[in-house]
Amino acid sequence: QDEETQHSLECIQANQIFPRKQLIREDENLQVPFIELHGESTEYVGRAEDAIIALSNYRLHIKFKESVVNVPLQLIESVECRDIFQLHLTCKDCKVMRCQFSTFEQCQDWLKRLNNAIRPPSKIEDLFSFAYHAWCMEVYASEKEQHGDLCRPGEHVTSRFKNEVERMGFDMNNAWRISNINEKYKLCGSYPQEIIVPAWITDKELESVASFRSWKRIPAVVYRHQSNGAVISRCGQPEVSWWGWRNADDEHLVQSVAKACASDSRSNSNKLMNGNCSRDFSNGGDLSDVEFDSSISNASGAESLAIQPQKLLILDARSYAAAVANRAKGGGCECPEYYPNCEVLFMGMANIHSIRKSFQSLRLLCTQMPDPGNWLSALESTKWLQHLSVLLKSALLVVHAVDRDQRPVLVHCSDGWDRTPQIVALAKLLLDPYYRTTEGFQVLVETEWLDFGHKFADRCGHGENSDDLNERCPVFLQWLDCVHQLQRQFPCSFEFNEAFLVKLVQHTYSCLFGTFLCNNAKERGEKHTQERTCSVWSLLRAANKAFKNLLYSSQSESVLYPVCHVRNLMLWSAVYLPCSSPSTPADDTCAPYPVPGSSPEDQPLGRLPKTRSFDNLTTACDSSVPTTNRRSSDPSLNEKWQEHRRSLELSSLGNPGDDPFDGESLSKQGRAPVGAELSVAAGVAEGQMENILQEATKDDVGLEEHLRGSLETAGKGDEIALDKEKRTENLHLSEKAE
């Protein structure tokens with residue numbers, strides 16, 4: 001009876017709380033040009049110039065004769081009328097589109113409709129993810145358990161904290177304990193309910209520390225090196241202010257992190273030698289500094305040298321000037337005099353306002369007609385790659401300290417929810433191969449970004465009444481770009497492929513899934529998003545072969561040390577450039593948009609993929625197996641690859657475990673028609689842009705030598721086109737043209 005009652009309530013929610021809206025047609029003969037999702041209702045269908053345009057409660061869909069634009073409403077950042085008959089749509093993922101209408105009145109009508117549709121919701125239930133889940137529950141009522149499994153993340157996500165503590169091997173008897181001081185978020189609303197702290201630090205001391213740290217975000221341990229016991233912690237800035245305030249408990253906690261690492265390392269060594277068990281401090285028992293030092297002095301000389309607390313590295317993501325300036329607002333940074341055995345380093349990472357400005361410059365550049373002679377300098381002027389470089393260097397510094405120097409690290413910025421998760425999550429990705437698996441990556445995102453309160457609602461602009469544009473910033477997108485850079489440098493080290501990351505970018509903003517709603521776990525719990533929406537991991541699951549990296553090897557490098565210089569970084573064309581996403585099979589055949597007034601026959605030939613291919617991808621990374629390279633211009637190989645990609649493509653729109661939005665803002669069916677006024681600004685295809693990049697960098701001998709040196713395996717050459725290959729393929733093109 002309880003199940004029937006629950007089912008009836010779900011039906012009420014679907015049919016009455018999320019009712020279908022009446023369809024308005026500009027022409028009675030017009031039909032909805034796409035298959036609607038569960039809970040999706042089309043509100044308007046009309047005609048643009050040479051196109052059919054439709055608006056639902058989830059997407060904007062524009063269909064030309066040979067091309068389609070399909071974009072979720074929450075992915076659209078702004079809509080403007082820059083021409084009397086033309087709408088200019090700017091998307092949060094860097095895409096820009098234009099739509100031409102026949103009359104001024106029609107253009108204005110659609111401008112009002114779209115601006116109303118993309119406005120931040122007045123209540124969170126207005127987001128489509130709630131309607132989608134509710135209607136799915138009704139449709140799949142007879143298969144409720146199966147649907148629930150599809151909508152929910154796996155056990156590795158739901159039990160992530162317990163699993164991670166066990167996997168990383170924390171010594172919970174002597175060195176560390178799990179504090180429940182934040183149970184029901186009573187201490188800090190943007191922190192998880194369970195945190196790891198040194199065993200002898202009491203909850204009373206933690207309360208004192210919280211009063212001294214920004215937003216009460218106290219130092220919490222989030223990672224332990226399984227070999228040497230060094231840890232990574234994160235927190236908010238200390239509230240030093242101009243008065244130079246101090247907090248003895250905070251100073252004690254920071255020093256205790258280093259001492260706990262030494263204790264953890266020693267106890268693990270003892271267990272390996274004689275299996276001795278030590279005192280239990282899991283309930284916050286007080287182990288004084290005298291006891292700790294005494295226990296060290298009782299060890300043998302060689303052992304005591306090995307277990308002396310290492311000098312803790314405090315990594316401040318800001319510049320020194322910015323940290324000092326924060327004192328005027330009540331913040332500040334640690335004074336080394338008050339934190340003995342600690343070193344403070346400032347990384348000089350830009351704040352969200354500088355990152356937002358850089359991203360807007362990048363978006364403007366990627367949607368203009370490129371000038372081959374100045375494009376790279378224009379890209380440099382956006383400073384986007386420079387920001388990525390600084391972020392990678394910061395994470396690499398953490399990796400070097402933890403892995404090579406065996407030093408504990410404490411990371412913070414101002415508030416600890418933007419630059420801090422970028423550095424910590426990237427460092428963990430470099431340090432631990434587990435996070436480079438599909439399941440591990442999900443745990444990483446859930447832990448460092450969601451549990452520790454990155455403000456997705458404010459940064460993405462889909463929170464309740466989140467109209468403040470100064471709060472918006474592609475912080476998570478910037479981090480995913482860094483992950484993409486790592487994928488390019490280490491193509492055999494990630495279980496998931498680039499399409500996985502592209503989909504994650506799209507659904508960070510789409511609001512089809514509830515994973516990235518709200519600003520912290522407390523808000524998500526209050527809104528019951530986990531029970532009322534589907535998880536994005538139901539789509540990006542490990543079993544989904546469409547997102548499997550065929551070059552992945554579990555035997556690849558354990559710790560990654562990437563090259564962080566700007567010249568070694570690549571623009572993420574699949575996200576920032578039009579017609580270049582890797583997640584649809586038609587992308588490889590996508591041709592440049594036609595120049596106005598020209599005929600299709602005048603268009604340049606599409607670029608041949610400049611990659612190496614292998615007869616057997618499973619052995620491509622095995623250096624003991626001789627590789628047989630086949631040119632990517634081999635027609636039979638390209639046909640087989642296209643067939644393979646089509647077989648991997650998600651095809652079922654209605655199933656909750658599949659991806660109902662293909663996400664690309666461009667044509668899925670080849671070249672756009674000549675008369676299509678919907679374009680990506682100047683409409684530059686990936687082939688054009690990469691040819692420009694290659695032409696501009698062909699004389700960079702030093703970079704090419706470095707790239708040659710970095711190809712440790714045959715698989716690592718997949719994304720690199722050397723001059724010899726370029727000359728050979730140019731010859732092939734010439735022969736074909738003749």
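**Figure 1. Helix 16, a helix of 14 residues in a predicted model.** Helix 16 reaches 19 Å from its first C-alpha to its last, close to the 20 Å you'd expect at 1.5 Å a residue. Not much of helix 16 shows on the outside: 13 of its 14 residues are buried. Look just past the helix and you'll find Gly453, whose phi is positive, near 75 degrees. Helix 16 will turn up again in two of the views below, as part of a pocket lining and as part of the cover over helix 19.

**Figure 2. The whole chain, for orientation.** Before going further in, here's the setting: a protein chain of 738 residues, with 26 helices and 17 strands. Buried residues make up 55% of the chain. Take the contacts between residues at least 6 apart in sequence, and 72% of them join residues at least 24 apart. The accessible surface adds up to about 31,400 Å², and carbon and sulfur atoms account for 49% of that.

**Figure 3. The second largest pocket, with about 900 Å³ of space.** Which residues lie nearest the centre of this pocket? They're Arg160, Glu446, Asp451, Ala521 and Gln530, out of a lining of 38 residues. Several elements give two or more residues to that lining: helix 5 (155-158), helix 6 (160-168), strand 10 (195-198), strand 11 (220-224), helix 16 (438-451), helix 20 (521-527) and helix 21 (529-532). Helix 6 gives the most, with six residues. As for the kind of residue found there, the lining splits into 16 nonpolar, twelve polar and ten charged.

**Figure 4. Helix 19 (residues 498-510), wrapped up by its surroundings.** The 13 residues of helix 19 should span 18 Å at 1.5 Å a residue, and the end C-alpha atoms are indeed 18 Å apart. Why can we call this helix largely enclosed by the rest of the structure? Because twelve of its 13 residues are buried. Those buried residues run through a mix of side chains, including Phe500, Lys503, Gln506, His507 and Tyr509. What does the covering? Part of the answer is strand 5 (68-72), helix 16, helix 17 (456-460), helix 18 (475-489) and helix 22 (573-576).

**Figure 5. Ser389, a buried serine in helix 14.** Helix 14 takes in residues 384-404, and Ser389 sits within that stretch. Is Ser389 buried or exposed? Its relative accessible area is 3%, so it counts as buried. Setting aside neighbours within four places in sequence, Ser389 is in contact with Cys564, His565, Val566 and Leu569.

**Figure 6. Val240 and Ser241, two residues in one loop.** Both belong to the loop between strand 12 (231-234) and helix 8 (248-273). Val240 has a relative accessibility of 10%, so it counts as buried. Its partner across the sequence is worth a look: Val240 and Cys333 are 93 residues apart along the chain, yet their C-alpha atoms are 6.9 Å apart in space. Leaving out neighbours within four places in sequence, Val240 is in contact with Cys333 and also with Phe212, Trp245, Arg327, Gly330, Gly331 and Gly332. Ser241 is buried too, with a relative accessible area of 9%. Its backbone is the thing to notice: Ser241 has a positive phi of about 60 degrees although it is not a glycine. Most residues other than glycine have a negative phi.

**Figure 7. Ile181 and Tyr185, in the loop between strand 9 (176-179) and strand 10.** Ile181 has a relative accessibility of 5%, so it counts as buried. Apart from neighbours within four places in sequence, Ile181 is in contact with Lys186, Leu187, Ile195, Asp203, Leu206 and Glu207. To gauge where Thr202 lies, note that Ile181 and Thr202 are 21 residues apart in sequence and 9.6 Å apart in space, C-alpha to C-alpha. Further along the loop comes Tyr185. Tyr185 is at 17% relative accessibility, and because buried means under 20%, it counts as buried. What is its phi? It's positive, about 60 degrees, although Tyr185 is not a glycine.

Key. Residues are numbered from 1 along each chain as its sequence is written. This is a predicted model: local features need pLDDT of at least 70, side-chain atom pairs count only at pLDDT 80 or more; totals for chains, interfaces and linings use all residues. Side-chain values use heavy atoms; hydrogens and water are left out. On a 1 Å grid over the protein atoms alone, a cavity is a set of points where a 1.4 Å probe fits but cannot get out, and a pocket is an open set with protein on both sides within 12 Å along at least five of seven lines; lining residues have an atom within 4 Å of a point. Grid points are joined across faces, edges and corners, and a volume is the space filled by probe spheres set on the points. Helices (H or I, at least four residues) and strands (E, at least two) are DSSP runs, numbered from the N terminus. Ala, Val, Leu, Ile, Met, Phe, Trp, Tyr, Cys and Pro count as nonpolar, Asp, Glu, Lys and Arg as charged, and the others, Gly among them, as polar. The expected span of a helix is 1.5 Å times one less than its number of residues. Buried means under 20% relative accessible area, exposed over 50%, partly exposed in between (1.4 Å probe, protein chains only). Contact means heavy atoms within 4.5 Å. Accessible areas come from the Shrake-Rupley method with a 1.4 Å probe; for residues, only the protein chains shown count as cover.
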